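Visitor: I should like to take a close look at a single part of this structure. Please set it in the context of the whole chain before turning to the detail.

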Amino acid sequence: GQLFEWASVIPELNASSQEENLKAALAYYKLAVSRRPTWPYTWAYIAFIKVQLGEMDEEMFQAFRLANEYGAFVQRRLYWVGLKTWERLPDQERQQFVQLMEVTLKGKLPYRYKNHRNRYKNHPKELIRSAVFLNKVAVIDTLLHSPKQKKWLTQFENKRPLCRQFECIPQGITRYQRRFH
């Protein structure tokens with residue numbers, strides 16, 4: 001699935017080839033999730049690709065919900081998916097996403113993640129960055145608590161015109177994918 005997903009971000013491909021690659025990636029991710037139904041990464045990838053394809057249906061919301069439920073380290077993709085689909089998120093998923101954002105911005109991780117604090121230290125900044133670049137600052141504005149977070153918000157708002165491509169590339173992508181942008 002990831003190979004097709006990576007191929008979809010190559011700028012030299014035309015739009016139909018990119019869409020074909022995304023659909024192929026989605027098919028492989030669905031196969032993977034049928035074999036490992038509690039694997040959060042696969043659910044997050046399914047939600048992410050469905051949003052890129054413009055398919056914001058029950059399957060996408062279920063993938064979003066299950067990635068959040070099973071996942072420990074899939075938040076970067078979930079930030080982007082949740083913010084991108086904010087207006088269409090059903091109540092249950094919206095409440096889960098608000099809780100995820102609150103935990104992220106407060107820096108209070110659940111006990112099960114206590115050994116992974118370094119892995120999460122940049123997540124508040126990445127959530128704010130995603131909100132700015134997706135024009136969803138109003139969604140996180142009331143959740144910002146520290147002056148440091150408000151400073152990041154101002155910095156990202158000032159840089160926004162320079163980052164036109166961000167809308168289709170979440171912060172959680174791999175270095176390999178970034179080479180194509």
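Among contacts in the protein chain between residues at least 6 apart in sequence, what percentage join residues at least 24 apart? With that settled, please describe the surroundings of Phe64 in helix H4.

Guide: The model is a predicted one. Among contacts between residues at least 6 apart in sequence, 62% join residues at least 24 apart. The protein chain has 11 helices and zero strands. Of its 181 residues, 46% count as buried, and its accessible surface comes to about 10,200 Å², with 49% of that belonging to carbon and sulfur atoms.

Phe64 is located in helix H4, which covers residues 58–70. Its relative accessible area is 0%, and because buried means under 20%, Phe64 is buried. Beyond its neighbours within four places in sequence, Phe64 is in contact with Ala47, Leu78, Val81, Gly82, Leu89, Glu93 and Phe97. One of these partners, Gly82, is 18 residues away in sequence, with a C-alpha to C-alpha separation of 8.0 Å.

Leu78, Val81 and Gly82 are among the buried residues of H5, as are Gln75, Arg77, Tyr79, Trp80 and Leu83. Helix H5 spans residues 75–84, and eight of its 10 residues are buried, so this helix is largely enclosed by the rest of the structure.

Glu93 and Phe97 lead to helix H6, residues 91–106. Two packed helices are described by the angle between their axes and the distance between the axes. The axes of H4 and H6 come within 10 Å and cross at roughly 35 degrees, and the crossing is left-handed. From H4, Phe61, Phe64, Arg65 and Asn68 take part, meeting Gln92, Glu93, Gln96, Phe97 and Leu100 of H6. The residues of this contact comprise four nonpolar, three polar and two charged.

Phe64 also belongs to an aromatic cluster, which it forms with Trp86 and Phe97. The whole structure contains six aromatic pairs. In one of them, Trp86 and Phe97 are tilted, with 6.2 Å centre to centre and 55 degrees between the planes. Trp86 lies in the loop between H5 and H6 while Phe97 lies in helix H6, so the pair ties together parts that are 11 residues apart in sequence. Trp86 has a relative accessibility of 15% and counts as buried; Phe97, at 0%, also counts as buried.

Technical notes: Residues numbered from 1 in each chain as written. Predicted model: local features only at pLDDT ≥ 70, side-chain atom pairs only at ≥ 80, totals over all residues. Heavy atoms only, no water. Helix = DSSP H or I, 4+ residues; strand = E, 2+ residues; numbered from the N terminus. Buried < 20%, exposed > 50% of the residue type's maximum accessible area, 1.4 Å probe, protein only. Contact = heavy atoms within 4.5 Å. Axes fitted to C-alpha atoms, helices over the stretch in contact; angles between N-to-C directions. Left-handed = near helix turned anticlockwise from the far one by under 90°. Nonpolar A, V, L, I, M, F, W, Y, C, P; charged D, E, K, R; others polar. Areas by Shrake-Rupley, 256 points an atom, 1.4 Å probe, with all protein chains shown as cover. Phe/Tyr/Trp six-rings, centres within 6.5 Å; stacked < 30°, edge-to-face > 60°.
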